[in-house]
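Reader: Could you give me one close look at a single part of this model, and set it among its surroundings carefully enough that I can follow each step in the structure?

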Amino acid sequence: MSDPRKLPQILYIEDSDETRSLVRRLLSHKYVVLEAADPLDGLQLAEETHPSLILVDQSLPHMTGSEAATRLRKMLPNTPIVIISADLSTGARERALAAGAVGFITKPIDDDFVEQVDAYLNGKVEILEDAEKHLQAYQQELVERLEGNIRQLSNTVAKNKHLLQQNERMFSMLERRHKLLETAARVGQMATSILDLDELLKHTANIICSEFSFYYSGIFLVSEDGQWAILRAGYALAGRKMMAENYRLHVDEKSMIGNSIIQQQAKIALDVAGEESRFKNPFLPNTRSEMALPLIVQSHALGALTVQSAQLNAFTEEDITSLQAMADQIAIAINNAQLMFKLEVATSELVRTKTFEAIATATGEAIHWVGNKAAPIPGSVRRVREDLLYILALAAQLNESDAKNESLAAAVQTVREEAEAQGIDLKQVLVEMSAMKKNRLQALVSVESLMEDLDIAENSAVTILSIKEGLIGPARQRNDSSVSLSEMITNTVASMGLPDGVVELEWANDMPNVFVDARQVEQVFNNLIKNSWEAMGQTSSPKIFVKGVRDANPNFVLVTVKDTGPGIPKEIQEKIWVSFFTTKGGSGGTGLGLSSVMQIVNQHGGSISLESEVGKGAMFLVRLPVVK
Amino acid sequence: MTTVLLVDDEKLILRSLEKTLLRAGFDVITASDCKSGSEIFAQNLETINIAVLDLNMPSFDGTPKTGAGLDLLADLKKQKSSVPVVILTAYDEVTKAKESVSGGASAFFVKGREQGLVELIQKILQVTE
């Protein structure tokens with residue numbers, strides 16, 4: 001093998017790996033074959049190595065073999081260049097030679113290839129006749145190719161621009177979809193937080209317009225009789241004007257709103273000029289496209305949402321889907337708000353009824369109670385009057401001369417005179433008295449009985465007057481402080497003087513102090529324990545259990561007062577809280593105890609309730625707020 | 001001598017009526033609820049000429065009851081059907097008291113003018129005799 005450094009160098013520019021390896025095999029035993037797959041690499045390699053011969057394939061990326069030949073020729077004017085080409089058409093060979101090649105070898109590469117290469121290396125130069133003509137043809141070819149390149153480039157530019165636009169559109173679509181979803185979420189969130197229906201609808205209409213720059217948005221609700229779609233919220237000035245005019249549409253085929261409600265389907269007009277079922281609204285002259293989305297809950301259309309744009313074709317599929325999703329959420333919110341409203345109405349009716357009932361009961365009980373308490377007064381007074389007459393008659397019997405002094409004598413005189421002035425015939429009374437049996441008369445002038453009757457009248461009057469304290473007591477100003485209920489109730493029980501062992505106290509270790517008016521709350525427990533004790537008048541082993549724990553709601557302390565008495569019948573469990581209602585009769589209840597207990601507990605922000613069954617005792621549950 | 005059984009749970013009313021009846025010349029036996037009323041009646045079956053019962057008071061089981069007086073009325077009538085009974089009532093319960101008449105009471109009396117009760121008792125006993 002000869003020294004490769006002394007072998008001639010041939011540069012071969014060809015993009016096909018297969019052809020390159022074929023040529024390498026054919027030539028490498030006698031030449032050093034430099035290879036380039038790309039004409040630009042080839043040009044660089046040629047400049048660096050100054051090969052003895054350059055073989056260039058005609059069909060190459062970036063430029064043709066001829067163009068490469070022209071450039072190589074300029075760069076290395078003395079190096080022979082041979083073009084290898086599969087183009088057998090007329091003029092192909094000549095154009096290649098015109099480009100600057102010394103030879104033209106046709107493909108496929110066959111047996112005489114090496115010989116041809118040898119010949120060109122040894123100085124063979126093909127002669128080009130009529131060179132001027134072929135040069136022109138070559139230049140024409142060049143121009144055409146350049147034009148083609150430019151066309152391709154501008155196509156690419158156009159294509160890029162199109163892609164860019166598409167990307168931009170996609171991006172803005174994504175952005176819009178994101179915004180829609182965000183808005184839908186906002187509406188959804190709002191729907192759960194705003195229970196006032198009008199507020200919710202107003203916000204929704206505003207958000208739809210402000211977030212999507214729509215011309216107008218409004219929400220209609222179907223009237224109770226189903227005949228009308230009544231505008232309940234509308235965007236901006238047009239909305240306010242329409243609201244002021246009680247804007248409404250018949251639920252029929254004549255309007256998009258009516259249609260969407262009847263068919264429970266979204267109605268979309270991308271160009272309102274072509275929409276026959278669209279009602280032309282004088283308040284919204286600029287509307288160009290419009291949609292009506294039904295508000296449906298449980299396959300019942302509550303109303304419809306209208307969205308209007310001043311542009312044609314304003315709504316994309318995305319918009320419609322997102323806005324319908326939003327409409328569905330609004331529908332649910334409207335339904336909730338309506339249910340809440342109905343519930344509130346029902347509740348306030350109930351409260352009213354209950355209040356009237358309570359007032360009626362209280363009034364009835366008050367009349368009954370006062371009547372009962374006052375009943376003994378006239379009888380007692382009448383007896384006192386009778387007794388007084390008899391005693392006065394006796395007094396008038398005193399002989400003035402018997403009187404020990406002048407004053408007494410004057411007093412006897414006064415009794416006689418004033419009795420006469422009152423039309424009382426004391427002498428006649430005395431006659432009646434003389435006719436009575438001794439013990440009967442003694443009974444009539446009994447000082448003890450006289451005093452007792454005065455006591456009866458006084459006690460009755462005092463009891464009636466004590467109502468005032470019962471009614472006003474809880475209304476007094478409170479003086480709240482941190483109070484230990486266990487301490488307070490323990491002291492209260494001790495001061496009540498109930499028999500030993502009746503009251504059992506039990507306190508949880510973690511029971512916090514409460515924030516209350518000590519005096520008033522003491523009265524509450526005093527009252528409850530006293531009630532329990534009095535209710536057990538006929539109970540064989542009376543017991544009162546007072547228990548304090550931290551309530552399940554940690555902001556409260558729960559104290560229960562439970563007795564083993566007869567219990568409170570279901571039918572009066574409600575009544576016991578009413579003023580003047582009493583079950584105690586003769587034991588002197590004012591009927592204000594539990595009503596003022598409840599008032600005090602409620603005023604402290606606490607609550608009181610009763611659990612009782614006849615025969616199983618009664619338990620009062622008092623909850624009071626923990627000190628903060 | 002006429003003996004009246006007087007049953008009422010209002011202490012002051014009971015005492016005041018008792019005094020009025022005593023003054024009018026009646027003997028008076030008192031009780032303050034259904035149970036003791038029934039027991040005392042049983043003990044003095046022959047002595048008691050007439051019973052005056054409050055409408056609302058503790059019933060036989062000791063719990064306060066509207067119309068408990070009607071229960072005692074039935075109980076007394078069971079013990080001695082001939083005994084005349086007057087039901088005492090507040091003036092706002094007259095309807096209920098009227099029902100008592102169909103339940104066997106001779107009359108009802110609205111609390112207040114005690115002398116009226118004396119007259120009522122005298123009238124009833126005259127008719128009975």
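Author: Two residues are taken to be in contact when their C-beta atoms, placed from the backbone, lie within 7 Å. The model is a predicted one, and in the contact between its chains, chain B contributes 25 residues while chain A contributes 21 residues. On the side of chain B that touches chain A, the largest share, nine residues, is supplied by helix 1 (residues 11-23) of chain B, and the residues of that side divide into eleven charged, seven polar and seven nonpolar.

The part I would look at closely lies in chain A, a chain with 19 helices and 18 strands. Of its 628 residues, 31% count as buried, and among the contacts in chain A between residues at least 6 apart in sequence, 63% join residues at least 24 apart. Against that background, the part to examine is helix 9 (residues 256-263) of chain A, which is mostly covered, since six of its eight residues are buried. Those buried residues are M256(A), I257(A), G258(A), N259(A), S260(A) and I261(A). What covers them includes several strands of chain A, namely strand 6 (216-222), strand 7 (228-234), strand 8 (248-250), strand 9 (267-269), strand 10 (289-297) and strand 11 (300-309).

One residue that helps to show how helix 9 of chain A is held among its neighbours in sequence and space is A304(A), whose contacts, leaving aside residues up to four places away in sequence, are F220(A), A229(A), I257(A), S260(A), I261(A), A292(A), L293(A), P294(A) and L295(A). Of these partners, I257(A), S260(A) and I261(A) are among the buried residues of helix 9 of chain A. A304(A) is also, together with L295(A) and I330(A), one of the residues that touch the most other members of the largest nonpolar core, a set of 47 residues. The element that gives the most to this core is helix 10 (residues 317-374) of chain A, with seven residues. A second core, separate from this one and made up of 39 residues, includes L21(B), L55(B), L88(B) and L117(B). In soluble globular proteins, nonpolar side chains tend to be buried together.

The end of the helix deserves the same attention. Helix 9 of chain A is followed by Q264(A), whose phi is positive, near 50 degrees, and this is a residue other than glycine. Q264(A) lies in the loop that leads from helix 9 to strand 9 of chain A. Because Q264(A) has 14 C-beta neighbours inside 10 Å, it counts as partly exposed, whereas M256(A) in the helix is buried.

Other loops of chain A can be set beside this one. H62(A), which is not a glycine either, has a positive phi of about 70 degrees and is found in the loop between strand 3 (53-57) and helix 3 (65-75) of chain A; H62(A) counts as exposed because it has 11 C-beta neighbours inside 10 Å. The loop between strand 5 (103-106) and helix 5 (113-121) of chain A holds P108(A), and the peptide bond that leads from K107(A) to P108(A) is cis, with omega near -5 degrees. In the loop between strand 2 (32-36) and helix 2 (39-49) of chain A lies A37(A), which counts as partly exposed because it has 16 C-beta neighbours inside 10 Å. The C-alpha atoms of A37(A) and D17(A), 20 residues apart along the chain, are separated by 7.8 Å.

Elsewhere in chain A there is an open sheet of five strands with mixed pairing and the order 13-15-16-18-17. Strand 13 (503-507) and strand 17 (607-612) of chain A are its edge strands, each pairing on one side only, and neighbouring strands of the sheet are turned by 15 degrees against each other on average, direction ignored. Strand 13 of chain A runs parallel to strand 15 (residues 544-550) of chain A and is joined to it by five bridges, with E506(A) standing opposite K547(A) in strand 15 of chain A. Helix 16 (residues 485-496) of chain A packs on the sheet by touching strand 13, strand 15 and strand 16 (556-563) of chain A, and its direction makes about 170 degrees with that of strand 13 of chain A. Helix 17 (residues 518-535) of chain A lies across strand 13, strand 15, strand 16 and strand 18 (618-625) of chain A and runs at about 20 degrees to strand 16 of chain A.

Notes: Residues are numbered from 1 along each chain as its sequence is written. Chains are lettered from A and ligands numbered from 1 in the order in which they are written. This is a predicted model: local features need pLDDT of at least 70, side-chain atom pairs count only at pLDDT 80 or more; totals for chains, interfaces and linings use all residues. Helices (H or I, at least four residues) and strands (E, at least two) are DSSP runs, numbered from the N terminus. Ala, Val, Leu, Ile, Met, Phe, Trp, Tyr, Cys and Pro count as nonpolar, Asp, Glu, Lys and Arg as charged, and the others, Gly among them, as polar. A residue is buried if 20 or more other C-beta atoms lie within 10 Å of its own, exposed if 12 or fewer, and partly exposed in between; C-beta atoms are placed from the backbone. A nonpolar core is a set of buried Ala, Val, Leu, Ile, Met, Phe, Trp, Tyr and Cys residues joined through C-beta atoms within 7 Å. Two strands pair if DSSP finds at least two bridges between them. Axes are lines fitted to C-alpha atoms, for helices over the stretch in contact, and angles run from 0 to 180 degrees between N-to-C directions.
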